[in-house]
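Student: Please take a close look with me at the cross-links in this model, the covalent ones above all and then the charged side-chain pairs. I would like one connected account of where they sit.

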Amino acid sequence: MDELENDAYTESEIILENSKYLIVMANGPISAKYFGGDRFAGGNWGNIYRNGDLYFIIDKENRENSASLFNPNYGTMSIMDNDQNYLEFESLIEMFPSLESKLMTIINPFGTSTYRALKAIAMGIEPKDDYVLNHIDDMIYKVFFDKNKPEKSKITLSFNNNSDYFELFDLGDQGQWYVSAIFNHYGNGYDFVDWDDDYQWKEGYVFFDFNDENKQKVNDILKYIAPNLTMDGESETNVKIAVAMDEFFPKISQDIYNEYNSETNNGKNATQREEIKDELCDIFRPYGLMKLSCFYKYITTVRILIKLFERYGINMTLEEVLKELGHSIEVQDFYEYSYEVEAYEHFDGESFNRSVSYSLDKIIDELEDSDNFLNMAEFKEIVREVNKKYVYTKRYAFPKDKTRWFEITTIDPKTNLLNIRTGCVSGGCNIKYTDKTLEDFYTLIYHPELFKDE
């Protein structure tokens, strides 16, 4: 050994040496130049490499297949091959696979990648706290280190929100947006209903969800506005009741079917949330990730995560690995079948009937307010008489003149007059609007000539 070589070894620390490889830490400019060349000596040593730990990994059989690794006191680790090309740590391991364990001891494994940090834990290197791993990968929430079986150390994973979890799966073109809306805590969920649609009301279906108390209130109201009707559970009757309610109390009727639409929408959202949870909450269990809190927290072992990284890519983040796993699992396109979602299991009948009761009480208060009726008894008799023979807004031919038609649009309780439209079947005359007493109405349709000047 010559003097230069002797000085270089004296000024350095051998980390590992065998027949094929040498790992040495240079502690001065002589050893830096001897093992690494001129680029590590002189000013570079004084300005850069003296401020940290400088290692050389040397292939004794082929010096060209060597590398340097520098851990600065402050800053990021840098690795270069013999041609001064910067390398990732994983590339260094590919160059020296048999040195992996030893190389892990000379770096800060918690400053490289998620995979390396997990490998370090499996080797028995305990992170000083949970923040160390969270800084590498924000999906890592907590580490439960097992010093006896470090590869079985527990890792708790967390997601910032439901949407982050749903992005792990292939939910279809609209599915991601759809399921995120379903679980949006700051809105009403997904709009399953058309809020302007009154079909359920006009077809009488809304009445089937009325409780007995509200059915009795409707019957009390019908005594005033449609004495010939009573709630009998028949769809055809319900349609007629809806027509009568619309005629006399359109705003309150709208309030009732708006509330019905709201509860229906809430029920469908609840049903769909339940179905999505059933399929996706614990979908990773067969792969070793156990649910702690649906879509939010999961727990697994270091060993399982390492295997997932090695399956999908050791340079990935946890999110990327789980997305690869999630996309390999077939899940249904919830959005495609959203039209099939039913509300009945989660329809809040109590809430709906409380609202209906309030609305019906408003109607009863109006009916009992004498200011709204010219003569309550007379009004009820007129309504009873009209409802026996006619349907509101339906056209009828004049009894003695089939070329003309009439329809009763409503009955005004403040005047007890029938609001009537008349016209010609052929369309050859103007439509006329007139208000008549019940007696004058019959005179009009049987003797229209008496009103020809109107």
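Tutor: A disulfide here is a pair of cysteine sulfur atoms within 2.5 Å. The model is predicted, with local features needing pLDDT of at least 70 and side-chain atom pairs 80 or more, while totals for chains, interfaces and linings use all residues. Residues are numbered from 1 along each chain as its sequence is written, and side-chain values use heavy atoms, leaving out hydrogens and water.

Searching the whole structure gives 2 disulfides. One of them joins C281 to C294, with a sulfur-to-sulfur distance of 1.4 Å. The torsion about its S-S bond is about -95 degrees, so the disulfide of C281 and C294 is left-handed. These two cysteines lie 13 residues apart and link distant parts of the chain: C281 belongs to the loop between α13 (250-280) and β8 (290-293), and C294 to the loop between β8 and β9 (297-301). (Helices, H or I of at least four residues, and strands, E of at least two, are DSSP runs numbered from the N terminus.) C281 is buried at a relative accessible area of 7%, whereas C294, at 23%, counts as partly exposed. (Buried is under 20% relative accessible area, exposed over 50%, and partly exposed in between, for a 1.4 Å probe and protein chains only.)

The other pair to consider is C424 and C429, which form a disulfide with their sulfur atoms 1.9 Å apart. Here the S-S torsion is about 120 degrees, and the bond between C424 and C429 is therefore right-handed. C429 is partly exposed, its relative accessibility being 31%. If the bonded cysteines of the protein are numbered in sequence order, the pairing reads 1-2, 3-4.

Turning to the charged pairs, the structure holds 19 salt bridges, a salt bridge being a side-chain nitrogen of Lys or Arg within 4 Å of a carboxyl oxygen of Asp or Glu. Helix α13, which precedes the loop that carries C281, has one of its own, in which the side chains of D255 and K251 meet at 2.9 Å, N to O. D255 and K251 are 4 residues apart in helix α13, so about one helical turn separates them. Of these partners, D255 is partly exposed, with a relative accessible area of 26%, and K251 is exposed, at 51%.

Some of the salt bridges reach between separate elements, and one of these brings together the side chains of D130 and K142, 3.1 Å from N to O. D130 is in helix α7 (residues 130-136) and K142 in strand β6 (residues 140-144), so that distant parts of the chain are linked across 12 residues. Both partners are partly exposed, D130 with a relative accessible area of 21% and K142 with 32%.

A further salt bridge, 3.4 Å from N to O, is made by the side chains of D246 and K202. This pair, too, links distant parts of the chain, with D246 in helix α12 (residues 235-248) and K202 in helix α10 (residues 199-202), 44 residues apart. K202 is partly exposed, its relative accessible area being 41%.

To return to the helix before C281, K251 of the α13 pair has a relative accessible area of 51% and is exposed. Elsewhere, E90, E100, R116 and K119 are joined into one network by salt bridges that share partners.
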